[in-house]
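Q: Please give a close account of the part of this structure that surrounds the ligand. Which residues surround the ligand?

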Amino acid sequence: MNAEELRQQLEYYRDLGIKEVYRRPGGASGAGLPACAAEPTAQIQTTVASPAPPVALPPLAPAGETLFQILEDIGDCRRCRLHEGRNKIVFGVGDEKAPLVFVGEGPGADEDEQGIPFVGRAGQLLTQMIENTAKKEGINLKRSDVYICNVVKCRPPGNRTPEPDEMEICGQFLYRQLLAMHPKAICALGGTAARALTGRKEGVTKMRGRWFQWKDIPVMVTYHPSFLLRPYNQDAKREAWEDLKKALHFVYG
Ligand code: SF4
């Protein structure tokens, strides 16, 4: 069981009113759990029934948490190696009550500089895509009406894809953001975000234009705007516009 599945199971137990869980001697160790699990916020405690090392539980999302509280908890985060090269943590931007949330992969150079997601060329394209598609479809929507964030909050060096452990560690914040906002739908931008949200392994070209699920929230997958900036990707651009139309009609139609 990975950290995410364990967290969900513990939350399920908490909802049932179970306040303590026990670890069997010789059971699974805490290896592979998020490093930040050393600072659990869980109400559930563990009772270790043997001299085995203490179990590090992944933090549970406190009920009724706000984005501001999550941001405060992130603080000057050093929970994964991505803190080493960052200038600013890029938490998210937009209306926290928005029924539609866009999730990308991670900040680039412009985002790292400004602390705001999707402000570079790819971000400008995303803004155009949202606003122009909405306008064409007769929906009154500005970029500031949706919420935009990433799977990881610090820029990976050289804009490389985030490593699985970085996504697992930082993913707890995305998880908590989505729980706090509980939008009507999520739009995953690119394969990394799509795989992080759906747990699937396919590439974005196989997943785009289809609905998946994050908990009980529908997830539409489409291309990352930076992929669409390449001149030879004009077909992909048309497809992304179609995907966005589906998401907008589902949420605002
Ligand atoms: S990427 Fe996320 S977990 Fe890693 S240092 Fe930045 S905020 Fe912390």
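A: The ligand is surrounded by Cys-77, Arg-79, Cys-80, Leu-82, His-83, Arg-86, Lys-153, Cys-154, Ile-169 and Cys-170, where a residue is near a molecule if one of its heavy atoms lies within 4 Å of it. This is a predicted model, in which local features need pLDDT of at least 70 and side-chain atom pairs count only at pLDDT 80 or more, while totals for chains, interfaces and linings use all residues. Residues are numbered from 1 along each chain as its sequence is written, and side-chain values use heavy atoms, with hydrogens and water left out.

By class, the shell around the ligand holds 6 nonpolar, 1 polar and 3 charged residues; Ala, Val, Leu, Ile, Met, Phe, Trp, Tyr, Cys and Pro count as nonpolar, Asp, Glu, Lys and Arg as charged, and the others, Gly among them, as polar.

Two cysteines of this shell can be described further. Cys-77 counts as buried because its relative accessibility is 11%, and Cys-80 is likewise buried, at 15% relative accessible area. Buried here means under 20% relative accessible area, exposed over 50%, and partly exposed in between (1.4 Å probe, protein chains only). With a disulfide defined as a pair of cysteine sulfur atoms within 2.5 Å, the count comes to 0 disulfides.

For the wider setting, 45% of the 253 residues of the chain count as buried. The chain has 9 helices and 8 strands, taken as DSSP runs numbered from the N terminus (helices H or I, at least four residues; strands E, at least two).
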